[in-house]
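Please open the model in a viewer and keep the sequence panel at hand. The tour below proceeds from one selection to the next.

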Amino acid sequence: MSAALESLLDLLDLEQIEQDIFRGMSRSAVVPRVFGGQVAAQALVAAGRTVPTDRSAHSLHAYFLRPGDPGAPIVYTVDRIRDGRSFATRRVVAVQHGKPIFHLSASFQAYEEGMDHQAAMPSAPDPETLPTAAQMLPRYADRFADPLMVDRLLEARAAVDLRYVDAPPFATAGEPREPRSQVWFRTHGKLADDPLLHVCMATYVSDMTLLDSVLLAHGRGGWAVGDVVGASLDHAMWFHRPFRADEWLLYDQESPSASGGRGLGQARIYTADGQLAITVIQEGVVRVPRD
């Protein structure tokens with residue numbers, strides 16, 4: 001297991017300070033605020049720790065309310081909304097400096113048999129044939145205004161092996177493309193056999209690239225290039241089938257719409273053997289900077 005992954009696991013291992021109240025730390029992100037995937041993953045950890053172990057997360061719906069301060073702890077308060085025979089529902093509010101910065105609702109279900117069908121996995125190259133972030137990012141160092149941006153991006157993604165199938169937005173800025181993007185990802189090291197941990201890790205990664213397809217449609221390079229500004233607004237995930245975040249997962253993303261200063265991304269995450277594991281939808285603020 002890499003040191004970066006150990007550090008991320010420590011970040012997700014929340015401190016319980018009272019019944020249904022947890023505290024988590026943060027770390028610096030590429031932008032000067034707490035990374036949204038971190039807050040969502042930590043909130044799901046908090047919710048999951050109040051649910052019977054025979055129930056697995058099957059969905060979450062979240063709103064990003066305020067930018068998080070990476071220099072301050074985050075307090076997560078869990079409300080046990082309902083415990084039924086099959087489902088359990090939790091609401092989590094993340095607070096910093098006395099104000100809510102994030103709100104999450106999550107539902108957990110006891111395993112049961114049922115009807116089964118899925119959308120077919122799209123074609124994608126073998127992830128082992130694609131360049132790693134360390135191989136790919138330095139090629140585009142001249143695209144970033146900040147000379148340290150490559151190092152910052154590599155540090156932010158050091159716990160995850162994330163490989164682009166096609167060129168990322170910052171590689172083709174100025175050239176509009178089809179609003180579709182694919183990446184393969186897995187953690188840099190094996191994880192414990194805890195289903196909640198794998199769900200939380202996928203939640204963490206899901207916020208890294210989902211709005212890329214919005215940028216591609218308009219030939220924008222992204223936040224690191226500086227030709228757009230924005231932030232996540234809301235995030236929803238449905239967990240359909242078991243998966244492991246330490247094994248290759250294909251993140252197939254597209255954007256059906258952008259308007260009113262907002263862009264929508266939707267995606268499906270598949271296991272390497274073609275099982276549809278997760279559906280993700282996110283809307284974010286995507287604005288062109290004013291001169």
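Two strands are said to pair if DSSP finds at least two bridges between them. Strands (E, at least two residues) and helices (H or I, at least four) are DSSP runs, numbered from the N terminus. This is a predicted model, in which local features need pLDDT of at least 70 and side-chain atom pairs count only at pLDDT 80 or more, whereas totals for chains, interfaces and linings use all residues. Residues are numbered from 1 along each chain as its sequence is written, and side-chain values use heavy atoms, with hydrogens and water left out.

**The whole chain**

Begin with the protein chain in full, which has six helices and twelve strands. Its radius of gyration is 18 Å, close to the 19 Å that the globule rule gives for 291 residues, so the chain is as compact as a globular protein of that length. The radius is taken over C-alpha atoms, and the rule is 2.2 Å times the number of residues to the power 0.38. Along the principal axes, the C-alpha atoms fill a box of roughly 55 × 45 × 40 Å.

Colour next by burial, where buried means under 20% relative accessible area, exposed over 50%, and partly exposed in between (1.4 Å probe, protein chains only). Of the 291 residues, 47% count as buried. Contact means heavy atoms within 4.5 Å; among the contacts with a separation of 6 or more, residues 24 or more positions apart account for 72%.

**Strands β4, β5 and β6**

Select β4 (residues 74–83) together with β5; the two pair in the antiparallel sense over eight bridges. They form a hairpin with three residues between them. To inspect one bridge, display R82, whose partner in β5 is T89.

Now show the side chains of β5 (residues 87–96). In a regular strand the side chains alternate between the two faces of the sheet. In β5, A88, R90, V92, A94 and Q96 point to one face and are buried, while F87, T89, R91, V93 and V95 point to the other and are not.

Add β6 (residues 99–110), which pairs with β5 in the antiparallel sense over ten bridges. The bridge partner of R90 in β6 is A106. Where does H97 lie? H97 is found in the loop between β5 and β6, in a hairpin with two residues between the strands. Its phi is near 50°, a positive value in a residue other than glycine. At 62% relative accessibility, H97 counts as exposed.

Move to S59 in strand β3 (residues 55–64). S59 is buried, with a relative accessible area of 6%. Leaving aside neighbours within four places in sequence, S59 is in contact with S105, A106, S107, M237, W238 and F239.

**The nonpolar cores**

A nonpolar core is a set of buried Ala, Val, Leu, Ile, Met, Phe, Trp, Tyr and Cys residues joined through side-chain atoms within 4.5 Å. The largest has 70 residues, and those with the most contacts inside it are Y76, F102 and I278. Apart from it lies another core, of seven residues, among them V165, W184, L250 and L276.

Centre the view on Y76, which touches, among others beyond four places in sequence, D20, V39, V92 and A94. D20 is in the loop between β1 (15–18) and β2 (21–24). Although not a glycine, D20 has a positive phi of about 65°; it is buried, with a relative accessible area of 11%.

**Strands β8, β10 and β11**

Select β8 with β10 (residues 249–259); these strands pair in the antiparallel sense over six bridges. S181 has Q253 as its bridge partner in β10. Extend the selection to β11 (residues 262–271), which pairs with β10 in the antiparallel sense over nine bridges. E254 has Q266 as its bridge partner in β11. Their hairpin has two residues between the strands, and G260 there takes a positive phi near 60°.

Turn then to L191, in the loop between β8 (180–187) and α5 (195–209). Is L191 buried or exposed? At 7% relative accessibility, L191 counts as buried. Its contacts outside four places in sequence include L5, L9, M201 and R244. L191 and E247 are 56 residues apart in sequence and 9.6 Å apart in space, C-alpha to C-alpha.

**Helix α4**

Finish with α4 (residues 149–156), whose buried residues are M149, V150 and L153. Seen down the axis of α4, these buried residues fall within an arc of 100°, so they line one face of the helix. The arc is that of the directions from the helix axis to the C-beta atoms.
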